[in-house]
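Me: Please take a close look at the salt bridges here. Which residues pair, where do they sit along the chain, and how open to solvent are they?

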Amino acid sequence: MLTSHHDPAQGFPAALLDTTDHSALDSSPSDLRTGGHVLVAGAPGPRLERLTRTLRATGHEVSHAPPGEIGRRMGQTRPDAVVALDAHRAPGERHDSGLDLIQEVRTAPAGRALPLLVVTPAPEPAGVVNLLRHGADDCVPEAADPDELSARIEAKLRRVPVPVESLPRDPRTGLYSRPHFLDELGRELRRPEAARRGGAVAVVGVAEMAALEARLGQRIRREVAERLAGAAEQLGSVCDRLGWDDDGRLLMLLPGVDEETARRGLEKFAGAVAGTRFVVADENVRLTPAIGWLPLTGCTEGTQAIGQARDAVREALRYRDLRPVRYAPWMRGAPHRHRRPPLSRLIRPVLSALSPVLALLLGVGAPFVLYQQAYTLGWDLASAMYWVVVAGLVLSAVLIVLECLFSLDAADRPERPGAPYPPASAVIAAYLPNEAATIVDTVESFLRVDYPGELEIVLAYNTPHPLPVEDTLREIAARDPRLVLLPVAGSTSKAQNINAAVTRVRGEFVGIFDADHHPAPTAFRDAWHWLSNGYDVVQGHCVIRNGESSRIAKLVAVEFEAIYAVSHPGRTRLYGFGVFGGSNGFWRTDLLARTRMHGSMLTEDIDSTLRALAEGARFAVDRTLISRELAPTTPKALWNQRSRWAQGWLQVSLKHLWPGLRSPVFTARQKLGLLVLLGWREVQPWLTLQILPILLYSVWKAGGPQHLDWAVPVCVLALLVTLAAGPVQALFAWRLAVPELRSRRRWFWSYFVVSTVFYSHFKNMVARQAHLKEALGDRQWRVTPRTATKAVARR
């Protein structure tokens with residue numbers, strides 16, 4: 001063995017770290033080197049350079065990782081062993097650099113199973129024991145012979161590997177194999193429920209697994225499970241035992257937690273996975289976790305619990321909306337539909353058909369009886385309620401006028417992009433039987449978009465049976481590779497189509513469109529001006545292009561100008577945030593990937609917007625960002641569309657109003673906006689109806705209508721203010737409308753008359769009907785057939 005000596009200039013021994021030429025060692029009879037790749041971990045300096053030269057001289061390929069970069073370098077270089085260079089310290093000085101390096105190596109997924117040797121100066125027995133106990137495989141003094149270091153490395157590399165399935169846990173990933181995970185779960189289930197204090201078990205599938213396997217083979221299953229496990233560990237969740245099955249699903253045991261804590265933890269995990277780009281088999285991919293879970297309470301057998309969680313995974317895979325699905329008995333053997341009791345299926349349609357009568361009974365009959373009974377007891381509730389109703393009507397009118405005024409001062413689109421134009425994606429969500437007449441025109445309009453960067457058009461569609469239009473679409477895709485056809489098997493909603501597409505898109509931002517939308521040629525260019533200047537979502541201006549088709553279409557065309565040119569920009573300016581983002585809405589892809597859309601919500605885009613806002617996302621509205629769409633052309637189609645909108649807004653209000661008012665993310669001004677948009681809009685349709693029971697009560701109390709004074713100045717003034725809101729909104733809509741509609745002045749006059757006399761009452765009636773449908777659990781989405789119709793000429 002070489003004698004140890006110290007370099008007086010550097011203060012370290014020079015056996016392992018000397019500069020002697022070791023080339024003669026290459027011909028040594030004892031040379032059994034394999035030439036493995038060694039990662040040297042430690043602070044840069046002469047000691048590390050000399051150790052590197054020694055390892056290279058003994059036949060090893062060497063790379064270097066400084067502290068703080070070890071995990072990343074291991075993932076990049078994939079070494080066969082790690083040699084950590086402990087820091088030099090004076091006699092008696094305590095230093096934990098070796099322990100820090102060990103911890104950094106072992107906490108990285110790539111470093112859990114790698115041989116790890118520590119080169120340490122003048123090791124003491126207690127120090128060596130400490131290093132070994134904390135994860136080192138071996139300790140070598142700096143005074144050791146270079147051949148000894150090389151031999152120790154090679155001995156670790158020549159170890160006969162034990163199959164991971166034979167180990168309780170994979171030493172590299174910390175994952176239990178399925179049998180050993182079931183053993184852990186069984187031990188947990190055998191504990192008395194009183195001692196268990198809750199707990200849950202979850203199974204995590206990946207929606208993209210089939211596509212990944214088709215490209216990369218079954219070996220990808222294990223790698224996907226490892227990526228999911230890494231995300232769970234980095235999140236620091238309540239899960240302390242992870243496993244995997246042969247299909248690549250992650251198994252999670254969450255002991256000692258209640259159901260709500262388990263659900264929130266799984267939701268957080270799903271969002272973290274969806275918001276991360278993973279490297280799988282050297283590809284950069286997005287993964288959509290589908291989580292099925294159930295509480296341990298009542299479980300008696302581990303295999304059955306895992307099977308039930310997998311049934312819930314199948315249900316979660318349908319929606320791809322990142323929400324964990326709790327197992328329910330109906331999922332076994334019937335994963336596609338919740339089977340309602342027969343009585344419920346009979347009663348709900350009857351009650352829905354009688355909802356107009358129920359609305360009158362609840363909104364008129366019940367208050368009238370209440371006012372009568374209160375009067376007999378000496379309380380004149382109706383008189384007080386009258387002033388509440390008048391104040392409510394005036395408040396509604398004032399809010400409309402304020403929105404109109406603030407719309408004039410809406411923020412202008414940034415003139416220049418804040419960054420170069422990146423790749424972009426358009427996602428068109430379509431139900432082909434409903435869109436067959438218009439989808440080809442829609443696709444061709446997207447292919448005419450003028451965007452400076454790369455643009456892909458993803459048509460995410462579902463159809464219950466093959467259609468001839470699919471052949472036409474395939475011909476277009478073959479001719480223009482920008483068009484990507486994405487059939488979504490089993491989809492029943494727009495949300496599912498968008499969720500399936502968001503992990504496939506390549507763009508840095510995504511434009512979402514319905515199948516009847518024709519975007520302006522500069523739409524994606526204009527959207528990037530917002531997104532590259534600090535915004536996360538921008539909603540454009542939806543313009544009706546078939547106003548010539550019918551009187552209903554003309555009415556809707558003007559109403560859309562009142563909504564998109566006036567109300568949306570005015571509300572954004574007034575309250576400090578915008579809403580909507582589902583049609584002609586542009587999202588940063590990373591935000592949409594972790595937000596998704598929930599198919600159970602009838603207005604899934606508003607729900608997604610509010611969830612994004614609750615995370616602190618910035619939302620812009622731009623009335624110059626144009627996309628043209630089709631309006632309903634018949635009263636029935638209009639009723640179905642507005643009924644869905646009204647019920648969807650109610651769902652959003654019930655879900656987001658109270659959490660939003662309590663959230664620290666929203667400012668006081670934004671909370672006021674939430675109170676108006678989600679609270680007042682749901683109260684107002686019923687409040688306006690109260691004028692009828694109040695009038696009936698007043699007639700009853702006065703002994704007939706001839707005895708009432710109809711010319712009370714305050715009441716007349718309130719009536720004038722209320723009626724003025726409609727003309728003001730119609731005037732602003734005409735002033736801010738797109739040119740091709742602004743030239744149709746007769747349309748705006750008709751809207752003013754119809755809206756004042758009838759249409760506002762129609763929308764209030766639809767809102768009341770929607771409230772009753774939601775209370776009855778009737779959430780059926782009635783689609784509106786699209787037809788090719790005459791477009792409004794653009795001027």
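Reply: A search of the whole structure finds 41 salt bridges, where a salt bridge is a side-chain nitrogen of Lys or Arg within 4 Å of a carboxyl oxygen of Asp or Glu. The model is predicted, so local features need pLDDT of at least 70 and side-chain atom pairs count only at pLDDT 80 or more, while totals for chains, interfaces and linings use all residues. Residues are numbered from 1 along each chain as its sequence is written, and side-chain values use heavy atoms, with hydrogens and water left out. As background, side chains of opposite charge can pair when their charged atoms come close.

One of these pairs sits within a helix. Arg264 and Glu260 form a salt bridge through their side chains, at 3.5 Å from N to O. Both belong to helix H10 (residues 259-274), and because they are four residues apart, about one helical turn separates them. Helices (H or I, at least four residues) and strands (E, at least two) are DSSP runs numbered from the N terminus. An α-helix has 3.6 residues a turn, so residues three or four places apart point the same way. Arg264 is partly exposed at 46% relative accessible area, and Glu260 is also partly exposed, at 36%. Partly exposed is the range between buried (under 20% relative accessible area) and exposed (over 50%), using a 1.4 Å probe and protein chains only.

Two further pairs link parts that are distant in sequence. The side chains of Lys701 and Asp380 meet at 3.0 Å, N to O. Lys701 lies in helix H25 (residues 691-702), whereas Asp380 is in the loop between helix H13 (355-376) and helix H14 (381-407), so this salt bridge ties together parts 321 residues apart in sequence. Lys701 has 41% relative accessibility and counts as partly exposed; Asp380, at 28%, is partly exposed as well.

The side chains of Asp409 and Arg573 form the other link, at 3.1 Å from N to O. Here Asp409 comes from the loop between H14 and strand E13 (424-431) and Arg573 from helix H20 (residues 551-575), so the parts joined are 164 residues apart in sequence. Asp409 is partly exposed at 45% relative accessibility, and Arg573 is partly exposed at 37%.

Salt bridges can also share partners: Glu213, Arg221, Asp245, Asp247, Arg249 and Arg310 are joined in this way into one network.
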